[in-house]
Amino acid sequence: MNIIEVKDLVKYYGKFQALDGVDMTVRKGEVLGFIGPNGAGKTTTIRILLGLLRKTSGQANIFGKDAWNKAAELHKSMAYVPGDVNLWPTLTGGEVIDLLNKLRGGINKEKRAEMLKRFELDPTKRCDTYSKGNRQKVAIVSAFASDAELFLMDEPTAGLDPLMEAVFQECVLELKALGKTVLLSSHTLSVVEKLCDQVSIIRQGKIVESGSLDELRHLTRASITLETVKPIMGLDNIEGVHDLSIEENRVRARFQVESDKLHSVLSFLFQFEFKSLVSRPPSLVELFMHHYAENSADTGEPEKEGAVR
Amino acid sequence: MKTNAFLGTGTLVLLALKRDRIRLALWILGIAVLLGFMVAAFGEMLPTDQDIINMATAHGSNPVMRVFLGPIAGVSLGGFMMFRLSTMFAIIIAFFGILTVTRHTRHNEETGCEELTGSSVVGRHAGLLAALLVTTAGSIVLSVLIALAFIINGHPADGSFTAGFALGAVGIAFAGIAAVTAQLTDTTRGANGLAGLAMGALFLVSGVGNMLGDFDAAAIKITSAWPVWLSPFGWYQQILSFYENNWWLLLLFVAFFLLTAKVAFLLNSRRDVGMGLIPARKGPAVASPGLLSPLGLAWRLQRKLFIIWLLAVMVVGAVLGGATTELAERMSGMERTDVLGDIFGMSETFAMALVAILGPFIIFYTVQAFLRMASEEANGLTEPVLATAVTPLKWIMSHAVCVFLGTIAALLSLGLGASVSALADTDIRVLKLFEAALIQAPAILVLAGFALLVFGLAPHLSSTLVWASLIVSIIVGPFLGPALDLPQWVQNISPFTHVPAVTEPVTATPLILMLVMAAVFTAGGLASFCRRSMRT
């Protein structure tokens, strides 16, 4: 069952086009990593899914229902953690957590107590005295203490310290184990790599890549480091080899290879007799950089940073 | 205090001037030009001394009017302006002083700008001193422009300059007050609110002083009672520009300013950046059940403003209501020269007139309460609520209910306060006082509905348009419209024009029409809000 279904979603702010035909599908129980540079349209997409923004055209459905028309009804089983958490200055953190959960449907006291403890949050402080990280914890505790089925998280860990970040990751993995669905937008790619089954990369209002991490890796290059007995000759002329660097004695080399050319390149190298060989799949960071660096160069367009919020 | 605490003040003054060059120019020019036009308008309307005497007698002999006016002394057009118009300008200029100081002190701390400048080579008092210097300089420029506005209209130079500096000094006095309140609370809103409260109280004090004063019909002179000396509003009035020109009273302002500034600097050196003197306390770990609904949240956010207004209105009603009975007694033997002459001796009508004059000012509460709601959206606080199972309609209705019921409660509180007069005078029927208060409700609700409509259609313009509509309805309404001799159709723009006067029989038609209009505006506002995207 598709929990989130977005098709050809377009959003204009006045004349500025923030989304240019976004497609996205999240199935039940999946954790989707939603990544892209600042201003690419992540927050806009999430706010449309929350029914806070009206789409210009296209389809944005949650649980098979329209995200704008049925917003309040849908929100009963949704929890949201914004990246920039605004809270009522005169209310305490505890009051806000109770308020948001009650307005969503009900307060789960056990989970609330557990999450307050795990995130080490003092619920008696007024929100205007919380630091950025603590404000974020209020939103996170409120979301994890709920009984929601779908969690939308927009850069939820930007202000957290590494310990809390680890707690956050545990909590997401627990949600996953319970079969809940999560849309996680993040700049911390190592986290996305660890938590997410599926990844969608957005750039200038369009999804430029999506699929499982394994699938995405196939589209790009693996890094190879090898040592041979005989000097390596002629590797720079082989198709699919990039960024080659060979040491002077020509028995040590590092290079990147396109995933679908791996077999032919290794077959060629066989004649030099391997001493050692390390092949590392591309990290998400490399995927990401690869995508952005290249595409930016292609189009020559500057990134529209901060234009969309 | 070490001298280096003021290091960098010059740079911060330049920064403030650069940041606010348009804002300051608008304030100062706006006030001076408006005043110039009004002086010209009154000049045309009252061509002879006899006209001035007639109008001054009509307004000056009415003690209820005197609460809102300055004293008059002698027959001159300039003096009449200071009598009839100066209080309105004094209040606007007091706002100028308050808002400019808090903007460059507490607001900078709230947004974190102070931390940025404070980490560079800037002393800890520099920001406060810069704010005071900018505001004082602005007030002085304003004083000169006001003087010029009088002189251009052919008024004598000495009177024009004392009048200009009398009004400008009010801005300086309230700059001092705001400098203190900015140290006490940790939000700009709180600092403005506290200073505004002080302004209201000081205005009331001088108003009561004028009300309890004596009007000498032969000399056309109001001799104010002693309370006027307790308030900067009283001081500027007692300068009696265009008559005695007591310019030395300006020294009172200098002393007051130095004193408040000294207090502000002392408080400033005792606290941390970003904090108020009143420390933030811990609160409940668990929400009370009353908070856990959209209405509960709206009430929590609105209640402080509401309670302050409820009490303030009740106190004002009680103080003035109590004073009316004393006046009614004193007047019973007097000659009746007043426009309200036929009702003198009838203390009930007298008290009702008081309620009818105060009632429209509750629109200020309504607008503040409305803006409280609008600021929720601007601060991104609608988002977390609408991300739960709350519909936009439920959210806006919760606030609208608080604003509408709050307005009516404030009117009733005014009636209740004024009922103090019934304790002293058994002729006064309390129900009539409540009636005089409630009859203002439809007019206020029209403006509240208009505010909601603007909020639904164009949220980024709502604050500007709503304040503008409020000011227009007050200026062209019964308080100033007839005195400015505006054409009837212009006066009709203000909903308050359509509220039956106390002396007239109550006719239901205009009231019902206004209620219908309020309902249509409100419905339009709610519908368009629910259809639009959230801001930010």
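Biologist: Domain bounds come from an automatic or database domain assignment, right? Into which domains is chain A divided?

Modeller: Chain A has domain 1 (2-213) and domain 2 (221-280). The C-alpha centres of these two domains of chain A lie 43 Å apart. Before we go on: this is a predicted model, where local features need pLDDT of at least 70 and side-chain atom pairs count only at pLDDT 80 or more, while totals for chains, interfaces and linings use all residues. Residues are numbered from 1 along each chain as its sequence is written, and chains are lettered from A and ligands numbered from 1 in the order in which they are written.

Biologist: Thanks! How many helices and strands are in chain A?

Modeller: The secondary structure of chain A comes to 10 helices and 14 strands. Those are DSSP runs numbered from the N terminus: helices are H or I with at least four residues, strands are E with at least two.

Biologist: Let's pick strand 8 of chain A. Is strand 8 enclosed or open?

Modeller: Five of the five residues of strand 8 (residues 181-185) of chain A are buried, so this strand is largely enclosed by the rest of the structure. Buried means 20 or more other C-beta atoms within 10 Å of a residue's own; exposed is 12 or fewer, and partly exposed is in between, with C-beta atoms placed from the backbone. A:Thr181, A:Leu183 and A:Ser185 point one way from the strand, and A:Val182 and A:Leu184 point the other way.

Biologist: And which strands sit beside it?

Modeller: Strand 3 (residues 31-35) of chain A runs parallel to strand 8 of chain A, joined by four bridges, with A:Gly33 opposite A:Leu184. Strand 7 (residues 150-154) of chain A also pairs with strand 8 in the parallel sense, over five bridges. Pairing takes at least two DSSP bridges between the strands.

Biologist: Switching to chain B: how many residues does helix 10 have?

Modeller: Helix 10 (residues 157-184) of chain B has 28 residues and reaches 41 Å from its first C-alpha to its last, close to the 40 Å expected. The expected span is 1.5 Å times one less than the number of residues. In helix 10 of chain B, 25 of the 28 residues are buried, so it is largely enclosed by the rest of the structure.

Biologist: Last one: how many residues does each chain bring to the contact?

Modeller: Chain B gives 26 residues and chain A gives 28 residues. Two residues are in contact if their C-beta atoms, placed from the backbone, lie within 7 Å. Helix 17 of chain B gives the most to the side of chain B that touches chain A, with four residues.

Notes: Domain bounds come from an automatic or database domain assignment.
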